[in-house]
Amino acid sequence: MSNKIEQEYLSIIDTNRFGVKTAKINNSKILTLDTFELLKKNDFKFIISRVPSENIELINFLEDHGFRIKDVQLTYKFDLGKQEINTDYLNKEINVREGNSNDIEQLKKIAIDCFWEYGHYFADSNLNKMDCMEVYKDWTINALLNKNVADKFFVAEVENRLLGYLFFKLKLAENKYYSYSGLGAVSSESRGKNVFSTLVIKSLDWAKSEGHLWQEHNVLNINYPVNKVFSKLGFSNYKSETTLHAWL
């Protein structure tokens, strides 16, 4: 039974990173007291869950049993079959290309610059902040090098200096692909120059040329500049999810 529980719930990457046995559960139907007891019996110490924000009853239930809200994310969608790509915010001085292994050190610096104190890991005072930072560094570099993590990795540069990045995983719907953004960032010194807008516009061009149905992006509800970018480029918010943590 223990092996089956671990296969179903165990987050290996979080367990290894934070040094506590961690479960990741995003299926609302199994967020029950029976599941929590089962995890306790199998020595799990930490649970991460992401649930639909509109399910207030479930969120309140989880709060009543020790969970705490750590972030809220919005999902934006651009319908490539019905919408025209808006190029008004394209910075033509920026070169957008596919990332490669020569970019690793610059990408790490951008990740450190952008993601300190960002997201649900940093919102949890029980977690070491340096370990939280590794989440974003590892995710970025793994996405660059591993096609199981990301299918497309864009970087924005001017004169061989990286300004930002954005990567995607392909998913299937109706037997066709859509592109789903994993993570994007722009260095603090490069903001206000339409760098992120340019990355998104170029990624939409790529997605349309590949025949994708649509493109999706997740962003924290309090990341106001990025929310503004998606709105001005014609994306629509169609989903919200809340991330909660519990310590057993």
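Which residue of β9 stands opposite Ser-49? In this predicted model, the residue opposite Ser-49 is Leu-244. Residues are numbered from 1 along each chain as its sequence is written. Local features need pLDDT of at least 70, side-chain atom pairs count only at pLDDT 80 or more, and totals for chains, interfaces and linings use all residues, while side-chain values use heavy atoms, with hydrogens and water left out.

The pair Ser-49 and Leu-244 belongs to a sheet of nine strands. Strands (E, at least two residues) and helices (H or I, at least four residues) are DSSP runs, numbered from the N terminus. Two strands pair if DSSP finds at least two bridges between them. The sheet is open, and its pairing is mixed. The strand order is β1-β2-β9-β3-β8-β7-β6-β5-β4. β1 (22-25) and β4 (95-98) are the edge strands, each pairing on one side only. From one strand to the next, the twist averages 25°.

Strand β9 (residues 236-247) pairs with strand β2 (residues 46-52) in the antiparallel sense, over seven bridges. Strand β3 (residues 68-79) also runs antiparallel to β9, and nine bridges join these two strands. Here Tyr-76 stands opposite Asn-237 in β9. At the β4 edge, β4 pairs with strand β5 (residues 152-158), again in the antiparallel sense, over four bridges. Arg-97 has Val-155 in β5 as its bridge partner. In a regular strand the side chains alternate between the two faces of the sheet.

Helix α5 (residues 104-115) packs on the sheet. The helix touches β5, β6 (161-173) and β7 (176-186), where contact means heavy atoms within 4.5 Å. The direction of α5 makes about 85° with that of β6. Such angles run from 0 to 180 degrees between N-to-C directions, and the axes are lines fitted to C-alpha atoms, for helices over the stretch in contact. α5 has 12 residues and reaches 16 Å from its first C-alpha to its last. This is close to the 16 Å expected at 1.5 Å a residue, the expected span being 1.5 Å times one less than the number of residues.

Which residues of α5 are buried? They are Ile-104, Leu-107, Ile-110, Ala-111, Cys-114 and Phe-115. Buried means under 20% relative accessible area, exposed over 50%, and partly exposed in between (1.4 Å probe, protein chains only). Seen down the axis of α5, the buried residues fall within an arc of 120°, so they line one face of the helix. The arc is that of the directions from the helix axis to the C-beta atoms. Glu-105 and Lys-109 are exposed on the other side of α5. The cover over the buried residues includes α6 (119-122), α7 (129-145), β5, β6 and β7. Glu-117 follows α5 and has a positive phi, near 70°.

Side chains of opposite charge can pair when their charged atoms come close. A search of the whole structure finds 13 salt bridges, each a side-chain nitrogen of Lys or Arg within 4 Å of a carboxyl oxygen of Asp or Glu. Arg-17 and Asp-14 form one of them (3.8 Å, N to O). Both residues lie in helix α2 (residues 12-18), three residues apart, about one turn of the helix. Arg-17 and Asp-14 are both buried. Arg-17 also meets Asp-138 in a salt bridge (3.3 Å, N to O). Arg-17 lies in α2 and Asp-138 in α7, so the pair ties together parts that are 121 residues apart in sequence. The relative accessible area of Arg-17 is 14%. Asp-138 is partly exposed, at 31%.

A further salt bridge joins Lys-40 and Glu-37 (3.7 Å, N to O). These residues are three apart in helix α3 (residues 33-41), about one helical turn. Both are partly exposed, Lys-40 with a relative accessible area of 43% and Glu-37 with 41%. Salt bridges that share partners join Asp-14, Arg-17, Lys-24 and Asp-138 into one network.

Ser-197 lies in helix α8 (residues 195-209). Ser-197 is buried, with a relative accessible area of 2%. Leaving out residues up to four places away in sequence, Ser-197 touches Tyr-89, Val-229, Lys-232 and Leu-233.
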